[in-house]
Amino acid sequence: RVTILRKLMEVSVWNRSVDKAKNLFSEEEIKEEGVTFSIKENLHDAVKEAEIIVISLTNYDAAYSALQQEVSDDFTNLSPIVEELKGKLVIQLSSSKPSESRQWKNLMEKAGAINIDGCVIGWPSMAGSDNFSVLVSGCSEEEYTKYRPILRVWGKPTFAGTGAGQADALDMAVLTYLQGIKFGFMQGLALCKQAGVSIEQYNDFAKHYLDVYKSVLDDTADKVSKRDYTTHINTTVNILYEFNRSVLQHAEETGQSTEFLKAIDAPLHALVEAKKGQIDQTASFEYMLKPNSS
């Protein structure tokens, strides 16, 4: 929608459901915005006529299915649609994990296409703004710079690296972090609700400390990059372990869910068992990286 509304290039739309493609804009929007785009019922024809192909489907399996491409390790046999990708720019924005992006890059290399694998972070309503992140990898930095204006149509591009799947890894990392914030917030809501504490008061404190916590993130990243958990200790493993155990016991006593708290407990417990309770709690990272080596 953003690409069409900005009228920067001619756009052809293909969807597995023709009706969905037709409903991309309402009749009122078409009239008011003066948008024009063509709907292709045959994907082979659409790919053949296009110079830039943007794929945004549920996952890579859906992309392979749409391209009628059999999945294999070496992609010896290319489908007629994939053969049409030779020399063309293919921007793959379907949801995936790093291993799938690496496999996709193999296919694009076999097809002789210019591959950019990426993913987006943001709500659909953010598309086209700087709040809508477009993470990119699987191409050279020169290619990224060359095609950045195209990527800029959808949001704010960020180059994650030349390796296929690096954008996926960054996407997973950011969303895992955000999920941790939200689920931690909801665990706190449960604690407050059970104790009769004002949700509004808790919400105000949570937002305040979210801003304060930025410096903690910097400190954590610094400690991890240096692998130094014995200098400038802020909170020891023992202290955080005992506190979390107290919260965990309280949750059990009051009948609340404990799964989130047990996930926090796992790395701390492993470090305590390994007689590493006096080092900084950031050492939990080593458990997360390789659970059996902490």
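Colleague: Which residue in S7 stands opposite valine 136?
Modeller: This is a predicted model: local features need pLDDT of at least 70, side-chain atom pairs count only at pLDDT 80 or more, and totals for chains, interfaces and linings use all residues. Residues are numbered from 1 along each chain as its sequence is written, and side-chain values use heavy atoms, without hydrogens and water. Strands here are DSSP runs of E, at least two residues, and helices are runs of H or I, at least four, both numbered from the N terminus. Look across to S7 from valine 136, and you meet phenylalanine 159.

Colleague: How many bridges join strand S6 to strand S7?
Modeller: S6 spans residues 133-137 and S7 spans residues 156-161. Two strands pair if DSSP finds at least two bridges between them. These two run parallel, and the number of bridges joining them is five.

Colleague: Which helix does the chain pass through from S6 to S7, and is the crossover right-handed or left-handed?
Modeller: The chain leaves S6, goes through helix H8 (residues 141-151) and arrives at S7. To judge the hand, point the strands away from you: a clockwise path from the first strand over the helix to the second is right-handed. So the helix is H8 and this β-α-β crossover is right-handed.

Colleague: Glycine 138 lies in the loop between S6 and H8. Is glycine 138 buried or exposed?
Modeller: Buried means under 20% relative accessible area, exposed means over 50%, and partly exposed is in between (1.4 Å probe, protein chains only). Glycine 138 has a relative accessible area of 4%, so this residue is buried.

Colleague: What is the order of the strands in the open sheet?
Modeller: The sheet has five strands, and their pairing is mixed. S3 (52-55) and S7 stand at the edges, each with a single partner strand, so one side of each has no neighbour in the sheet. Read across, the order is S3-S4-S5-S6-S7.

Colleague: Where do the side chains of S4 lie, and which of them are buried?
Modeller: In a regular strand, side chains alternate between the two faces of the sheet. In S4, Leu89 and Ile91 are on one side, while Val90 and Gln92 are on the other. Both faces are covered, and the buried residues are Leu89, Ile91, Val90 and Gln92.

Colleague: Which residues stand opposite valine 90?
Modeller: S4 (residues 89-92) pairs in the parallel sense with S5 (residues 114-121) over four bridges. S3 and S4 also pair in the parallel sense over four bridges. In S5, the residue opposite valine 90 is asparagine 115; towards S3, the residue is isoleucine 53.

Colleague: How many salt bridges does a search of the whole structure find?
Modeller: A salt bridge is a side-chain nitrogen of Lys or Arg within 4 Å of a carboxyl oxygen of Asp or Glu. One of them links lysine 40 and glutamate 49 at 2.7 Å, N to O. Another links glutamate 100 and lysine 97, with the closest N and O atoms 3.7 Å apart. The search of the whole structure finds eight.

Colleague: In the salt bridge of aspartate 219 and lysine 223, which residue is buried?
Modeller: Their side chains meet at 2.9 Å, N to O. Both lie in helix H11 (residues 214-226), four residues apart, about one turn of the helix. Aspartate 219 has 25% relative accessibility, so this residue counts as partly exposed. At 4%, the buried one is lysine 223.

Colleague: Is glutamate 49 exposed or buried?
Modeller: Glutamate 49 has 53% relative accessibility. That is over 50%, the limit for this class. Therefore glutamate 49 counts as exposed.

Colleague: Which helix gives the most residues to the nonpolar patch?
Modeller: The patch is formed by Leu175, Tyr177, Leu178, Ile181, Leu210, Tyr213 and Leu217, with about 600 Å² of accessible area together (Shrake-Rupley method, 1.4 Å probe, only the protein chains shown counting as cover). Patch residues have over 30% relative accessible area and no salt bridge; like charges are joined within 9 Å, and nonpolar side chains (Val, Leu, Ile, Met, Phe, Trp, Tyr) within 5 Å. Isoleucine 181 has 32% relative accessibility, so this residue counts as partly exposed. With four residues from its span of 166-195, the helix that gives the most is H9.
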